[in-house]
Amino acid sequence: MGERFLIVEDEATLRDSLKRVFAREGYEVEAAVSAEEALPRLEERAFDVILTDIILPGIDGIELLEKARQRNPGQIVVVMTAYATLDTAVRALRAGAHDYVIKPVIHEELKRIVRNALQVRALRAENVILKKQIEERYGFDQIVGQSAPLRALLEEVRKVADSRSNVLLLGETGTGKELFARAIHAQSSRRDKPFVPINCSAIPENLIESELFGYQRGAFTGAVGAKAGLFEEADGGTVFLDEIGELDTRLQSKLLRVIDDREIRPLGSTQSRRVDLRFVAATNLDLASAVAGGGFREDLFYRLNVITLRMPPLRERREDIPLLVERFVGQFAAELGRRPVAVDPQALRLFEGYRWPGNVRELRNVVERLVLIAEGPVVLPAHLPEHLRRAAAPPAAPAGEYALSIEEYTKQFILAHQGSCSEQEIAGMLGITRKALWEKRKRWGLKHQ
């Protein structure tokens with residue numbers, strides 16, 4: 001293993017016991033009886049992990065922690081205390097401790113905490129490298145994570161980005177489909193031309209045709225002047241059609257003609273205009289089933305489905321959660337003018353154990369709320385939303401039984417909260433719109449509040 005380990009503990013029996021435990025684990029272990037003895041060693045060499053008692057003769061463990069992190073902001077420090085008070089934990093975490101353990105020390109628990117700390121450090125270091133690679137490859141720095149599903153998706157983006165082919169992004173609500181559509185555009189030869197996002201479910205049906213195609217003066221009541229449509233504005237660039245499965249069937253045929261003929265005709269005009277467009281479409285629906293049911297044109301489906309990319313849900317990339325939490329905490333602290341908060345390791349484990357039916361969008365909403373309402377410097381498990389604490393890390397399904405599907409989980413989530421939460425609150429916790437919540441209720445035959 002070879003990691004260098006420094007133990008700072010004035011009680012000889014515990015100090016010697018911990019030295020033996022971590023030496024057997026393969027660490028290079030050094031020990032000191034006080035902070036005064038430990039500090040010169042930090043000047044001489046780097047340590048991967050420092051394990052220190054809080055109560056020490058002279059300089060205490062918190063001050064040692066602060067001095068160690070002044071020298072090395074990424075220094076991993078785990079503190080030990082015989083006084084299990086909230087104030088002690090908050091002081092340690094606020095000073096930058098990775099975690100804390102309560103005496104008497106349980107060796108297996110401490111070894112797990114140290115292994116976790118080293119893994120987190122490795123993930124952060126790897127994420128820095130991967131972020132640089134992503135920026136170099138994709139010119140896009142908002143994608144956070146290093147999990148295998150995310151890496152595989154980024155590699156697919158790299159391969160298809162600079163083609164002329166249309167792309168269909170499939171994935172659950174909140175998985176970042178627009179983020180990846182922008183990444184595809186940023187890596188293509190169209191990067192200097194417009195990227196125009198269009199939410200097909202958000203524009204009223206009586207306006208969407210004029211919004212897409214534009215109109216001439218007098219085309220309809222209120223058309224007092226000509227207006228270019230979104231397709232014309234995107235000429236030479238990329239059109240992102242979000243929620244494409246919600247597009248009206250009449251407009252599906254017009255979109256098909258745009259793709260085939262590369263021409264648009266504004267409302268009220270007798271002349272068509274040439275456009276050069278690449279389409280990236282996205283949906284959380286099963287378009288193949290919609291085609292079979294007559295709700296989506298088969299020919300349009302095949303035009304859009306030249307290249308298909310699947311967005312992995314957050315529950316399939318759990319190792320990215322700590323990095324995403326860290327990113328969102330910093331982002332919202334800056335946006336809201338708040339001091340950044342630390343997330344207690346136990347709270348972070350609840351984040352990792354939760355199923356996240358609303359995916360990254362739901363995670364982002366939860367972190368924003370925590371930063372907004374935070375009264376102290378540390379987010380503790382008690383500060384997390386009740387539904388998250390209750391649902392995190394559910395027991396494994398018994399042998400022979402299947403775990404809940406995301407659809408069934410979401411259905412049970414809605415049923416569990418509809419008596420105590422408003423429609424808007426439930427939609428916010430799931431990371432979806434109220435319209436999407438209404439559609440789910442309708443599909444499952446659930447009563448509305």
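Between which strand and which helix is the loop that holds Glu243 found? In this predicted model, Glu243 sits in the loop between strand E10 (238–242) and helix H10 (249–261), and the legends below begin with that loop and its backbone.

**View 1. Glu243 and Arg262, two residues with positive phi in the loops on either side of helix H10.** Glu243, in the loop between strand E10 (238–242) and helix H10 (249–261), has a phi near 55 degrees, a positive value in a residue other than glycine. Arg262, which lies in the loop between H10 and strand E11 (263–264), likewise has a positive phi, of about 55 degrees, although it is not a glycine. Most residues other than glycine have a negative phi. With a relative accessible area of 18%, Glu243 is buried, whereas Arg262, at 31% relative accessibility, counts as partly exposed.

**View 2. The cis peptide bond from Lys103 to Pro104.** The peptide bond that leads from Lys103 to Pro104 is cis, and its omega is near 0 degrees. Most peptide bonds are trans. Pro104 has its place in the loop between E5 and H5, where E5 comprises residues 99–102 and H5 comprises residues 107–138.

**View 3. The open sheet of five strands, with helices H1 and H3 packed on it.** The five strands of this open sheet follow the order E2-E1-E3-E4-E5, with parallel pairing. The edges are formed by strand E2 (28–32) and strand E5 (99–102), each of which pairs on one side only, and the twist from one strand to the next averages 20 degrees. Within the sheet, strand E3 (residues 49–53) runs parallel to strand E4 (residues 76–81) and is joined to it by five bridges; Leu51, for example, has Val78 in E4 as its bridge partner. Helix H1 (residues 12–24) packs on the sheet and touches strand E1 (4–8), E2, E3 and E4, with a direction that makes about 170 degrees with that of E2. Helix H3 (residues 61–71) also packs on the sheet, where it touches E1, E3 and E4, and its direction makes about 160 degrees with that of E3.

**View 4. Strand E13 and its parallel partners, strands E6 and E10.** Strand E13 (residues 278–283) is largely enclosed by the rest of the structure, because six of its six residues are buried. Arg278, Val280 and Ala282 point one way from the strand, while Phe279, Ala281 and Thr283 point the other way, and all are buried. Strand E6 (residues 167–170) pairs with E13 in the parallel sense over four bridges, and Val167 has Val280 of E13 as its bridge partner. E10 and E13 are likewise paired in the parallel sense over four bridges, with Thr238 matched to Arg278 in E13. Strands of a sheet pair through backbone hydrogen bonds.

**View 5. Glu209 and Ser210, buried residues in helix H8.** Ser210 lies in helix H8 (residues 205–213), and because its relative accessible area is 7%, under the 20% cut-off, it counts as buried. The side chain of Ser210 reaches the backbone oxygen of Leu207 at 2.9 Å. Leaving aside neighbours within four places in sequence, Ser210 is in contact with Tyr215, Phe220, Gly229 and Leu267. Glu209, also in helix H8, is buried with a relative accessible area of 12%. When residues up to four places away in sequence are not counted, Glu209 touches Gly214, Arg250, Leu251, Lys254 and Leu267, so that Leu267 appears in the contact lists of both Glu209 and Ser210.

**View 6. The second largest pocket and the elements that line it.** About 1100 Å³ of space lies in the second largest pocket. Its lining consists of 41 residues, of which Arg124, Glu326, Val341, Ala342 and Val343 are the closest to its centre. Helix H4 (86–94), helix H5 (107–138), helix H13 (321–336), strand E15 (342–343) and helix H14 (345–353) are the elements that give two or more residues to this lining. The largest share, seven residues, comes from H5.

Key. Residues numbered from 1 in each chain as written. Predicted model: local features only at pLDDT ≥ 70, side-chain atom pairs only at ≥ 80, totals over all residues. Heavy atoms only, no water. Buried < 20%, exposed > 50% of the residue type's maximum accessible area, 1.4 Å probe, protein only. Polar contact = N/O pair within 3.5 Å; in protein donor to acceptor, adjacent residues only side chain to side chain. Contact = heavy atoms within 4.5 Å. Pairing = 2+ DSSP bridges. Axes fitted to C-alpha atoms, helices over the stretch in contact; angles between N-to-C directions. 1 Å grid on protein atoms, 1.4 Å probe; cavity = no way out; pocket = protein on both sides within 12 Å on 5 of 7 lines; lining within 4 Å. Points joined across faces, edges and corners; volume = space filled by probe spheres on them.
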